[in-house]
Amino acid sequence: KEIKTWVGDMSVFITENNKKSWEGAESALVIPHGINTDIFKGYTGELNRGLSIVNHFASRDIFCGWNLWNEIRKEIPVDLVGENPGISQSINSVPELVKTIGQHRFFLNTSLLSPIPLSLIEAAAVGCPIVSTANCEVPKAFTHNVNALLSNDPAELIQFCKEFMNDPEKAKSFGLAARQMVLEKYSHINFVKQWNSVFQTLYESKR
């Protein structure tokens, strides 16, 4: 509780969801994630299976939806990347991560309380079609049936995965739309500009 009342000379959050959870942060700025789409690109989708990227998944079920992910995985082939001892490992090379994302037919996100996972935006930037829960900031970034397939119903999420598996052209189309959304909302160029403005404003206020 006490930590949530801390404010600085200028407070910055990555989403409106984060900002609203803080006390006394009404005047704070929101600077979304910035993704370098010159690096995160290259969807091919030749692996007809899904991909999820989560660290410490099982111990973060309340936030990341481990149990939901396992329910879906009973019917859908989904690979997992991330620091999960005995289950999966992280990929420490950005080029290898981008390649792995691009090879998978779709990206599955089961987050429940995470404002918007960075891995979800990275996958969209690559052009990997998105199947996701519709919690927190996700439905503000993505539009269902336009640049992603969103639902909080396990049966619908399973059906969405199957649609992308059975229709590579549909998957590619949704992936292109997801990438376009990232270009518009999560540009790394805008990200740098906004943070430079913050630093300049703070510098001038302290002179």
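A polar contact is a pair of N or O atoms within 3.5 Å, and within protein one of them must be able to donate a hydrogen and the other to accept it. I keep that at the top of the page for the first entry, and I remind myself that this is a predicted model.

**Entry 1: Asn147**

I started with Asn147, which sits in the loop between helix 6 (138–141) and strand 7 (149–150). Is Asn147 buried or exposed? I find Asn147 buried, with a relative accessible area of 8%. Next I looked for a polar partner: a polar atom of the Asn147 side chain lies 2.8 Å from the backbone nitrogen of Thr143. I then listed what Asn147 touches, setting aside residues up to four places away in sequence. The list has Ala141, Phe142, Phe174, Ala177, Ala178 and Met181.

**Entry 2: Glu137 and its salt bridge**

I moved on to Glu137, placed in the loop between strand 6 (130–132) and helix 6. Which residue does Glu137 pair with in a salt bridge? I see Lys140 there, with the closest N and O atoms 3.4 Å apart. I noted the accessibility of both partners: Glu137 is buried at 9%, while Lys140 is partly exposed at 49%. For burial, I use the cut-off of under 20% relative accessible area.

I also checked what surrounds Glu137. Leaving aside neighbours within four places in sequence, Glu137 is in contact with Thr15, Glu16, Asn17, Pro115 and Ile116. I added a C-alpha distance to my notes too: Glu137 and Ser114 are 8.4 Å apart in space and 23 residues apart in sequence.

**Entry 3: the other salt bridges I looked up**

How many salt bridges does the structure hold? I wrote down four. Besides the Glu137 pair, I looked at two of them.

In one, the side chains of Arg49 and Asp79 meet at 2.9 Å, N to O. Arg49 belongs to strand 3 (residues 47–53) and Asp79 to strand 4 (residues 78–81), so this pair ties together parts that are 30 residues apart in sequence. I have Arg49 as partly exposed at 28% relative accessibility, and Asp79 as partly exposed at 25%.

In the other, Glu163 bridges to Lys170, and the closest N and O atoms are 2.6 Å apart. Glu163 comes out partly exposed at 23%, and Lys170 is partly exposed at 25%.

**Entry 4: helix 5 against helix 8**

Here I wanted the packing geometry. Two packed helices are described by the angle between their axes and the distance between the axes. For helix 5 (residues 118–126) and helix 8 (residues 168–185), I noted an angle of about 115 degrees and axes 6 Å apart. The crossing of helix 5 and helix 8 is left-handed.

Which residues meet there? From helix 5 I listed Ile121, Ala124 and Ala125, and from helix 8 Gly175, Ala178, Arg179 and Val182. Sorted by class, this contact has five nonpolar residues, one polar and one charged. I recognised Ala178 from my first entry, where it was listed among the residues that Asn147 touches.

**Entry 5: helix 3**

Last, I looked at helix 3 (residues 66–73). What are its buried residues? I wrote down Trp66, Leu68, Trp69, Asn70 and Ile72. I then followed what these buried residues pack against: strand 3, helix 2 (61–64), strand 4, strand 5 (104–109) and helix 7 (154–166). Strand 3 and strand 4 were already in my notes as the homes of Arg49 and Asp79.

Note on methods. Residues are numbered from 1 along each chain as its sequence is written. This is a predicted model: local features need pLDDT of at least 70, side-chain atom pairs count only at pLDDT 80 or more; totals for chains, interfaces and linings use all residues. Side-chain values use heavy atoms; hydrogens and water are left out. Helices (H or I, at least four residues) and strands (E, at least two) are DSSP runs, numbered from the N terminus. Buried means under 20% relative accessible area, exposed over 50%, partly exposed in between (1.4 Å probe, protein chains only). Contact means heavy atoms within 4.5 Å. Axes are lines fitted to C-alpha atoms, for helices over the stretch in contact, and angles run from 0 to 180 degrees between N-to-C directions. A crossing is left-handed if the near helix is turned anticlockwise from the far one by less than a right angle, and right-handed if clockwise. Ala, Val, Leu, Ile, Met, Phe, Trp, Tyr, Cys and Pro count as nonpolar, Asp, Glu, Lys and Arg as charged, and the others, Gly among them, as polar.
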